[in-house]
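Please explain how this structure is put together, beginning with the contacts around its ligands and moving on to its helices and loops.

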Amino acid sequence: MKNLIKNFIIFFAVFLLLAGIFSLFGGGTLTGKPKSANSDIGTLVQDINNGNVASIVVEGAKLTETLNDKSVKIIQKEDNESLSDLLKNYGVTPDKIEKINITVKNNSGSNYWLSVILPIVLPTLIIGFLIYFMMRSVAGANAKAMMFGQSGAKEFREDAKNKTTFKDVAGSEEAKEELKEVIEFLKFPKKFREIGARIPRGFLLLGAPGTGKTLMARAVAGEANVPFFHISGSEFVEMFVGVGASRVRDLFNRAKKTAPCIIFIDEIDAVGRRRGAGLGGSHDEREQTLNQILVEMDGFDGETEIIVIAATNRPDVLDPALLRPGRFDRQVVLEIPDLKEREAILKVHSEKKPLSADVDLKKIAERTSGFSGADLANLLNEAAIATAKLNEKEIKMQTIFDSIEKVMIGPERKSRVITDREKKITAYHEAGHALVAHNLKNIDPVQKISIISRGRAAGYTLKTPIEDRRLHSKEEFIEELAVLVAGRMAEKIIFNDVTTGASSDLRVATDLAKSIVTEYGMSDKLPLRTFGTSDELVFLGREMREGRDYSEKTSESIDAEVGKLFDEAVKTAVDILNNKKADLEKIVSALMIKETMEKDEFEAIVGKK
Ligand code: ADP
Ligand code: MG
Ligand code: ZN
């Protein structure tokens, strides 16, 4: 549409120009009107009657009269009246005319032809021009419609000088370690093939916005020195059904021609949402696109040297089919950086910026807990802008501090800054989980504790999740419940107050306690049976179909049993927390400094499990 308007304007301008030229000529040659007429027919007739005229030259409507004294007059006559008729009409006698030397010049000059041809040719040209333009814009639209099917994937070949490598990605050591496999494979595919290893095809980068997923994917391409196709999930989705799928096909075909290479699908959740889920109609287009991605990935044979890397910050909504072996079976988590990592990221981004001597990156890292890599990059950029505004040559510490607020309250507030009090509460909460888990014999060892907020949780304590085991005993469940309530109990013991931070713990604990009683038949007070039917109808949501197949009285007993389980769990947790208060304090002070704690650091405080 925009193009059409543009063409029209061009056409209009050309038209004006031609009209201008036309009228310019028009004054002179086109109608054959001499500009220099300085006499008239009347004078001419007089001159002839007086016998003063020696000769007349006729050129169309222009008469050039040469007098006996050699002076020349130019006269304009009517176009299609012959000179002799004209003179006769004026009553000039034939004998007078005979005496004059009259030459009729045939109008063969270019001007004459122009005057004849232009009026015919010009409109034809203009109309032709117009038709051509219209055809072209229609053809253009057609061509664009054809191009819909092509992926808009941008291909990067990182040039040797500016290529992104792991050096540009600070921290995230575990993720780098896992991704080294991709690089190995792209560099030495033979090594893997000879040994009969099936090469992973898809890597899924998970992480909050701004944790460097896109950056990491580029770094992998840079390290492996292969081309890199970058497309965003939303680019697959267009107005027309089927476009997405054809774009996927096109993308993979292009990639196959350039293999070995990396295909990077950013924000894959735009197409990779759980299929058939959600009320309000499934999205056909998305499903087709997703199916096509899966088909293409399944179609890789042992020889295909393409690795697909996808990124998302919503792993929870992804279709399980995406995560099956042979597809995105490797998952790499990029976390919000902790203190040490924040310092490293600041270092990377301050390399090209002149910092004044008083800048202490560690201090900045301490004040930016909760910032993502992108926030930190943005922080230094804001500080640089502020410095330039102040006409200073070096970025000062105070300028950076001032920019922290700007980044925090900026237009898209990505990071939640954690106040010291919040940090402390979170530390006690997580330390509570960890300590209780450590002191119960059926709970797996704690792997990691973190007080960096992740999603809606203020922090997290990682242990091998209980769901990974097949069979669970009642004792195990009860201990699990104690661990779940331990966070809340630690807050209560220390601060004599509670926060909303435990709401998801309580949800999980409640579900677990209910399951113990109603699903697993583990209560002594109730007959051995299950309570409630649950039809797993995904799209209606589970809860909606859960039916009650027991009496009101049983319902009360179930509530009572669930309550008892909670009482027990709370008692267990509180006992442990009270007995091991010294350990609790030690864990908290370590967490307040380092924010995250690995298994061995934790065990250095509380001893081996
Ligand atoms: P995501 O794709 O996860 O949303 P990006 O990869 O787009 O995040 O990161 C945005 C920017 O943040 C990067 O261009 C980079 O400047 C900065 N950044 C993020 N993480 C890091 C990191 N670990 N090291 C260095 N810079 C980082
Ligand atoms: Mg990104
Ligand atoms: Zn908790």
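A polar contact is a pair of N or O atoms within 3.5 Å of each other. With that cut-off in mind, the surroundings of ligand 1 can be read in this predicted model. A backbone N or O atom of Gly212 lies 3.1 Å from an oxygen atom of ligand 1. Taken alone, ligand 1 exposes 560 Å², of which the protein buries 79%. Two further backbone approaches belong to the same description. For Gly210, a backbone N or O atom is placed 2.8 Å from an oxygen atom of the ligand, and for Thr211 a polar backbone atom is 3.3 Å from an oxygen atom of ligand 1. Altogether 15 residues surround ligand 1, and those that come nearest are Ala170, Gly210, Lys213, Thr214 and His349.

The zinc ion is the next site to consider. Ligand 3, the zinc ion, is coordinated by NE2 of His429, NE2 of His433 and an OD atom of Asp505, at 2.0 to 2.1 Å. Along the chain, these donors follow the spacing H-x3-H-x71-D. The two histidines belong to helix H16 (residues 420-438), and because they are 4 residues apart in that helix, about one helical turn separates His429 from His433. Both His429 and His433 are buried.

Helix H17 covers residues 474-495, which gives it 22 residues. From its first C-alpha to its last, H17 reaches 32 Å, close to the 32 Å expected at 1.5 Å a residue. The helix nevertheless bends by about 40° at Ala486. After H17 comes Asn496, whose phi is positive, near 50°.

Positive phi values deserve a short comment. Most residues other than glycine have a negative phi. Glu267 departs from that pattern with a positive phi near 50°. Glu267 sits in the loop between strand E8 (261-266) and helix H11 (284-298), and because its relative accessibility is 34%, Glu267 counts as partly exposed. Glu595 is likewise not a glycine, and its phi is positive at about 70°. The loop that holds Glu595 runs between helix H21 (581-594) and strand E13 (596-598). Is Glu595 buried or exposed? Its relative accessibility is 1%, so Glu595 counts as buried. The side chain of Glu595 makes a polar contact of 2.9 Å with the side chain of Arg342.

Two other helices complete the tour. Helix H10 spans residues 243-258, and its 16 residues should cover 22 Å at 1.5 Å a residue; the end C-alpha atoms are 23 Å apart, which agrees. Many positions of this helix can be named as buried: Val243, Gly244, Ala245, Ser246, Arg247, Val248, Asp250, Leu251, Phe252, Ala255 and Thr258. Helix H8 (residues 213-224) contains Ala224. Because its relative accessibility is 6%, Ala224 counts as buried. Although Ala224 and Cys261 are 37 residues apart in sequence, their C-alpha atoms are 8.9 Å apart in space.

How values were computed
Residues numbered from 1 in each chain as written. Chains lettered and ligands numbered in written order. Predicted model: local features only at pLDDT ≥ 70, side-chain atom pairs only at ≥ 80, totals over all residues. Heavy atoms only, no water. Donors = N, O, S within 2.8 Å, 3.2 Å for Na, K, Ca; no water. Buried < 20%, exposed > 50% of the residue type's maximum accessible area, 1.4 Å probe, protein only. Expected span 1.5 Å × (residues − 1). Bend = angle between axes of the 7 residues up to and from the residue. Near = heavy atom within 4 Å. Polar contact = N/O pair within 3.5 Å; in protein donor to acceptor, adjacent residues only side chain to side chain. Areas by Shrake-Rupley, 256 points an atom, 1.4 Å probe, with all protein chains shown as cover.
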